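Visitor: Could you take me on a close look at a single part of this protein? I would like to see the open and enclosed spaces in it, and what surrounds them.

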Amino acid sequence: MPTPTPIPSAPRTVPQTNSSRETRSLPPIRLEEEWTTALVKRDTRTFDRLLAPNFVYTEDATVMSRSDVMRSVTGSDRIESARNEGMRLHDFGDVQVITGVLHLKGRGKQGSFDRRYQFTDTWQRRNGRWQIIAAQDYLIPK
């Protein structure tokens, strides 16, 4: 079993100058940054590019399809900030698993929220580019 590589925690920012070609060659740890930026911007185009066609997502006891996740990006919750903490990379060659904590702040139907999720994201290199094939988030109790 490979030893996980700790990744320094920092707010995720993505340079706006990336061409489509540069973005395709980014490793999953950098694509995780695009994921959080897309949450804040409600950017369905980024999710469409990052999510594999058969992507599956689990949050606590709920399993969602790719289309469910795409709809949720523009749902009622407004993410004001998103950042990852304590990310670790587990490298299996053409599959990489990234674990960490996603910290979200925003507003929803019940008012303001400040949530932290333990996550496991599984990325696979397909036709020369990385796509996320599965993700699992667990809401960390306060």
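Guide: Happily; what follows is a walk through the largest pocket, the largest cavity and the elements around them. Keep in mind that this is a predicted model.

Let's begin with the largest pocket, which has a volume of about 600 Å³. It is lined by 26 residues, and E59, S72, D77, I79 and R115 are the closest to its centre. Several elements give two or more residues to this lining: α2, β3 (51–59), α4 (66–73), β6 (95–108) and β7. The biggest share comes from β7, with 5 residues. By character, the pocket lining splits into 13 nonpolar, 7 polar and 6 charged residues.

Now pick out E59 from that list and follow its strand. In β4, E59 has T62 as its bridge partner. The two strands, β3 and β4 (residues 62–65), pair in the antiparallel sense over 4 bridges. Their hairpin has 2 residues between the strands, and D60 takes a positive phi there, near 50 degrees. β3 has another neighbour too: 5 bridges join it to β8, and these two strands run parallel. One pair to look for is L51 with its bridge partner I132 in β8.

β8 brings us to the enclosed spaces. Across the whole structure, a search finds 2 cavities of 30 Å³ or more. The largest of the cavities has a volume of about 70 Å³. Its lining is made of 10 residues, and those closest to its centre are W35, L102, F119, D121 and D137. At least two residues of this lining come from each of α2 (28–41), β7 (111–126) and β8 (129–139). In the cavity lining you will find 5 nonpolar residues, 1 polar and 4 charged.

You may have spotted α2 in both places: it gives residues to the lining of the pocket and to that of the cavity. So how does this helix look by itself? α2 has 14 residues and reaches 20 Å from its first C-alpha to its last, close to the 20 Å expected at 1.5 Å a residue. It is mostly covered, with 11 of the 14 residues buried. Among the buried ones are W35, L31, I29 and L39, along with the run E32, E33 and E34. Remember W35 from the cavity: it is one of the residues closest to the centre there. Just after the helix comes R42, whose phi is positive, near 55 degrees.

How values were computed. Residues numbered from 1 in each chain as written. Predicted model: local features only at pLDDT ≥ 70, side-chain atom pairs only at ≥ 80, totals over all residues. Heavy atoms only, no water. 1 Å grid on protein atoms, 1.4 Å probe; cavity = no way out; pocket = protein on both sides within 12 Å on 5 of 7 lines; lining within 4 Å. Points joined across faces, edges and corners; volume = space filled by probe spheres on them. Nonpolar A, V, L, I, M, F, W, Y, C, P; charged D, E, K, R; others polar. Expected span 1.5 Å × (residues − 1). Buried < 20%, exposed > 50% of the residue type's maximum accessible area, 1.4 Å probe, protein only. Pairing = 2+ DSSP bridges.
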